[in-house]
Amino acid sequence: AELANAGVTDVVVLGMGGSSLAPEVFMKTFGSAPGAPRLQVLDSTHPAAVQSVAASVELERTVFIVASKSGTTIEPLSFMEYFWQAVGAITDEPGKHFVATTDPGSKLESIAAERSFRAVFRAPPDVGGRYSALTEFGMVPAATIGADLPAMQRSAAEQHSAHSSGAMIASAPGCRLGAAMGELALAGRDKITFVTSPELQALPAWIEQLIAESTGKDDRGIIPVGGEALGDASVYGDDRFFVVISTAEAEPIDLGPLAAHPTATMTLDTVDDVAGAMYIFEMATALSGVVLGIQPFDQPDVQLAKKLARDAMAGSLDLSDVVELDAMAPELADAVSEWLDSSGPGDYVGIQAFIAPTPEAHRILTEARLAVRDSESLATTLDFGPRFLHSTGQLHKGGPNTGLFLEIIDHPASELAVPTTEYSFAELIAAQSLGDHLALRGRGRRVLLVCLGDNGLTALQRVADLVAAATE
């Protein structure tokens, strides 16, 4: 209400991983209520992505939510510095355009006090980022777009009661789903694949980060697959477990292609029940970790890529054995074929694009992943970096060695300096992609690194075409 009364038309969440994916779900599921601001999320350090967000808003009517549990996460702090300078150029009170969501006592809380932020929201420090959708990290952005918070609260509270001591735990949906996820993974069906009705299509991206980062460790894990349109029965191997999520008002989904596979269904009364669904998946993910014998609340391998990225920015890495292939080079076709030929039953293909996450780039890479699935019967995933480093990246490095990874980088047209620092956004995303590549290589993963150079979508289309051709 305060923002609407102040004439704010746009809210931008500056975050990564769990602090950005839940707001994105709410934004795409609910939209903005009449009179409420638009909401968008910035979780890419690619200069073109930062510039795109900056060009899409009127700074004098925009509020930025800086979201970081630790208060030291490099990406949201870099975004903050960039937009702080931009807003400071048009007003003497830039703090009114900023809100912080963080843990109590964090560095970000101190920055917010020093710079007189409009508000500071302190989240429960004992709730991990990927489990934080129903804390301030998700609820503050949801409030800005006028979401029905009481209805969401009731939905989550109902599930809390169903899973509390004294309830019939064996019949609680999160317990049943968690048992199925864990036992099916142990039986070889470790590719949990999500099919949703259209109004819930944003939800699997949040579920992916929850499951992947929680279970992907100690060479074990559950591989979540979202954003993959439903195909014919013939394209699915015997490593799949399907979860179908829809609302009661949605058109029925044809489950014929899934007849040969274990399938769980979840029907929400209304879209507000996405909050209850989140609670169910948080409980299920934690309990699947018990079945797998892993700790679902840590992320030991996330720090590895971060350290290597810092070392890359400092210029202290030995890069002599890094093979970076030119997307336009003739020899790329053979390299792609050799990479894909190394796959076997139970493997999956992960496309990791450290480029601007535009709709066209997403469309091109989606065509490539579906070509792999349809021809090779392999599960596929598609992530844009660096946001996946804070979520599915844990699974890639700590989970089972069943992934084939295609890493795509480019040469940004602009460096775009990060104010008050000695680095640019172009240098940051380059270091992050290099750190992830070295971390994957260090864990013995099958990874192909391809550079688009400055050829943009033309080069990206060629890479996608070569991936598709390798499946023929």
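What radius of gyration would a compact globule with 472 residues have, and what does the protein have? A compact globule of that length would have a value near 23 Å, and the protein has 22 Å, which agrees. The model discussed here is a predicted one. Along the principal axes, its C-alpha atoms fill a box of roughly 60 × 60 × 40 Å. Of the 472 residues, 58% count as buried. The secondary structure comprises 16 helices and 14 strands.

Attention now turns to charged side chains. Side chains of opposite charge can pair when their charged atoms come close. Across the whole structure, a search finds 23 salt bridges, and a few of these deserve a visit.

Helix α11, which spans residues 302-314, offers a local example. Here Lys-307 and Asp-311 form a salt bridge, with their closest N and O atoms 2.9 Å apart. Because these two residues are four positions apart in helix α11, about one helical turn separates them. Lys-307 counts as partly exposed, since its relative accessibility is 43%.

A pairing with a longer reach in sequence joins Asp-321 to Arg-441, whose side chains meet in a salt bridge at 3.4 Å, N to O. Asp-321 sits in the loop between α11 and β10, whereas Arg-441 belongs to helix α15 (residues 425-442), so the pair ties together parts that are 120 residues apart in sequence. Both partners are partly exposed, with relative accessible areas of 43% for Asp-321 and 32% for Arg-441.

Helix α13 (residues 359-376) supplies another example within one helix. Arg-363 and Glu-360 form a salt bridge there, the closest N and O atoms lying 2.5 Å apart. Being three residues apart in the helix, the two are separated by about one helical turn. Arg-363 is partly exposed at 35% relative accessibility, and Glu-360 is likewise partly exposed at 33%. Elsewhere among the charged residues, salt bridges that share partners link Glu-228, Arg-240, Arg-373 and Asp-374 into one network.

Not every charged side chain is treated here as part of a pair. Glu-324, Asp-326, Glu-331, Asp-334, Glu-338 and Asp-341 form a negative patch on the surface. Helix α12 (residues 332-341) gives the most to this patch, contributing three residues. Another member, Glu-324, is found in the loop between α11 and β10 (325-326), the loop that also holds Asp-321. With a relative accessibility of 44%, Glu-324 counts as partly exposed, because that value falls between the 20% limit for buried and the 50% limit for exposed residues.

How values were computed:
Residues are numbered from 1 along each chain as its sequence is written. This is a predicted model: local features need pLDDT of at least 70, side-chain atom pairs count only at pLDDT 80 or more; totals for chains, interfaces and linings use all residues. Side-chain values use heavy atoms; hydrogens and water are left out. Patches are made of residues with over 30% relative accessible area and no salt bridge: like charges are joined within 9 Å, nonpolar side chains (Val, Leu, Ile, Met, Phe, Trp, Tyr) within 5 Å. Accessible areas come from the Shrake-Rupley method with a 1.4 Å probe; for residues, only the protein chains shown count as cover. A salt bridge is a side-chain nitrogen of Lys or Arg within 4 Å of a carboxyl oxygen of Asp or Glu. Lys and Arg count as positive and Asp and Glu as negative; His and the chain ends are not counted. The place of a charge is taken as NZ of Lys, CZ of Arg, CG of Asp or CD of Glu. Buried means under 20% relative accessible area, exposed over 50%, partly exposed in between (1.4 Å probe, protein chains only). The radius of gyration is taken over C-alpha atoms; the globule rule is 2.2 Å times the number of residues to the power 0.38.
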